[in-house]
Amino acid sequence: MNNIIESMDNTKIKEIRSLHNKKFREKLKKYIVEGKRIVEEAMMHEVDIEKIIITKDSLQNIEKQDPNLCKLMRNFDLMTVSEKVFRSIAKTETPQGIMAVVHKRMLTVEQGLQALPEKPFIVTLERIQDPGNMGTIIRTAEAAGADLILVTKNCTDPYGDKSLRSSMGAIFLIPIIQVDGLDWIDLLKKRGIQFIATDLSAKKSYLDYNYKGGINIIIGNEGQGISKFLLDKTDERIIIPIYGSVESLNASIAAGIMIYKAQEMRKQK
């Protein structure tokens, strides 16, 4: 076993702790995943893991209870820390004693589009503010077989702790590109990708669109919806009917309805 880090002022520990701040995640292009299950997911899906941080007790428990996982972990740089140090860098209320520092997968929109099928299924998130919604939509999009997720700069960080927990490892399975400016819109338009948005003033139901070809479903802010700027760029505005008395649906629920309906229609011959 390597030496156990017991100082909370250790340089490496300070850097790990800084990754709880979005500014440093963006600067260092790294993020933290915490908990046995999500760390195991990261290892299994060949994510670029910089190091695994683990307490002595957690390592010994894994050695006894899960030798296959222990063997897998030995392929990575293991940093053993004291319980006190681990608690100082953990975000969960009851830490499991294991986390990993992961390098972000840095893709440009051009690179992302090159890897997509001829008629891709893209989901764009604009101004999503709730981390739970962010992670849930990522998980839903991956489960439904979407090809790519675009996240506008004014969204909550998909690599934040709560978003990662809500995504349940889906963030490792689908390309996510954070976009800014206007270039990404032009690139998608040149590929003939149709921009589809929900709009409460739309006349066409989400049930009446065929979702064939390359599509980009846009999911907007929880309270304000899609910005007028991006709404003006859409090719089709559709509505999810409200039959009860509430004014709107939760963003992640609306996203799930749209995403799964789109994939259902795309799978039909």
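Four strands make up an open sheet in the order E1-E4-E2-E3, with mixed pairing. Keep in mind that this is a predicted model. A further open sheet has seven strands, ordered E7-E6-E5-E10-E8-E11-E9, and its pairing is parallel. Here's a quick tour of both sheets, the helices that sit on them, the nonpolar cores and a few single residues.

**The four-stranded sheet**

- The edges of the E1-E4-E2-E3 sheet are taken by strand E1 (30-34) and E3, each of which pairs on one side only.
- Ignoring direction, neighbouring strands in this sheet are turned by 20° against each other on average.
- E1 and E4 run antiparallel and are joined by five bridges; within that pair, Tyr31 has Val102 in E4 as its bridge partner.
- E2 and E3, on the other hand, pair in the parallel sense, over four bridges, and here Ile54 stands opposite Thr80 in E3.
- Side chains of E3 go two ways: Leu78 and Thr80 point one way, Met79 and Val81 the other, and all are buried.

**Helices around that sheet**

- Helix H1 (residues 11-18) lies across E1, E2, E3 and E4, and runs at about 100° to E3.
- Which residues of helix H4 (residues 56-65) are buried? They are Ser58, Leu59 and Ile62.
- Those three span an arc of only 100° around the axis, so they end up on the same side of H4.
- Over on the other side of H4, Lys64 and Gln65 are exposed.
- What do the buried residues of H4 pack against? Their neighbours are strand E2 (49-55), helix H5 (67-73), strand E3 (78-81) and strand E4 (98-103).

**The seven-stranded sheet**

- Strand E7 (176-179) and E9 are at the edges with a single partner strand each, so one side of each has no neighbour in the sheet.
- E8 pairs with strand E10 (residues 215-219) in the parallel sense over four bridges, and Phe195 has Asn216 as its bridge partner in E10.
- E8 also runs parallel to E11, with three bridges joining them; Ala197 is matched with Arg237 in E11 as its bridge partner.
- E11 pairs with E9 too, again in the parallel sense, over two bridges, where the bridge partner of Lys204 is Ile238 in E11.
- Helix H12 packs on this sheet and touches strand E5 (121-125), E8, E10 and strand E11 (236-239). The direction of H12 makes about 165° with that of E10.

**Nonpolar cores**

- As background, nonpolar side chains tend to be buried together in soluble globular proteins.
- The largest nonpolar core in this model has 55 residues. Tyr31, Val33, Ile52, Met73, Leu125 and Tyr211 have the most contacts inside it.
- Which helix gives the most to this core? Helix H12 (residues 251-267) does, with seven residues.
- There is also a second, separate core of 18 residues, including Ile185, Leu188, Phe195 and Ala197.
- Two members of that second core, Phe195 and Ala197, turned up above as bridge partners: Phe195 with Asn216 and Ala197 with Arg237.
- Back in the largest core, Tyr211 has plenty to list: leaving aside neighbours within four places in sequence, Tyr211 is in contact with Ile196, Tyr206, Ile238, Met258, Lys261, Ala262, Met265 and Arg266.

**Single residues to look at**

- Asp199 is placed in the loop between strand E8 (194-198) and strand E9 (204-205).
- Is Asp199 buried or exposed? Asp199 counts as buried, because its relative accessibility of 14% falls under the 20% cut-off.
- Leaving aside neighbours within four places in sequence, Asp199 is in contact with Leu231, Arg237, Ile238 and Ile239. Arg237 is also the bridge partner of Ala197, while Ile238 is that of Lys204 and a contact of Tyr211.
- Cys70 is buried as well, at 10% relative accessibility.
- Cys155 has a relative accessible area of 5% and is likewise buried.
- How many disulfides are there? The count comes to zero.

Key. Residues numbered from 1 in each chain as written. Predicted model: local features only at pLDDT ≥ 70, side-chain atom pairs only at ≥ 80, totals over all residues. Heavy atoms only, no water. Buried < 20%, exposed > 50% of the residue type's maximum accessible area, 1.4 Å probe, protein only. Arc of directions from axis to C-beta. Contact = heavy atoms within 4.5 Å. Pairing = 2+ DSSP bridges. Disulfide = S-S within 2.5 Å. Core = buried A, V, L, I, M, F, W, Y, C linked by side-chain atoms within 4.5 Å. Axes fitted to C-alpha atoms, helices over the stretch in contact; angles between N-to-C directions.
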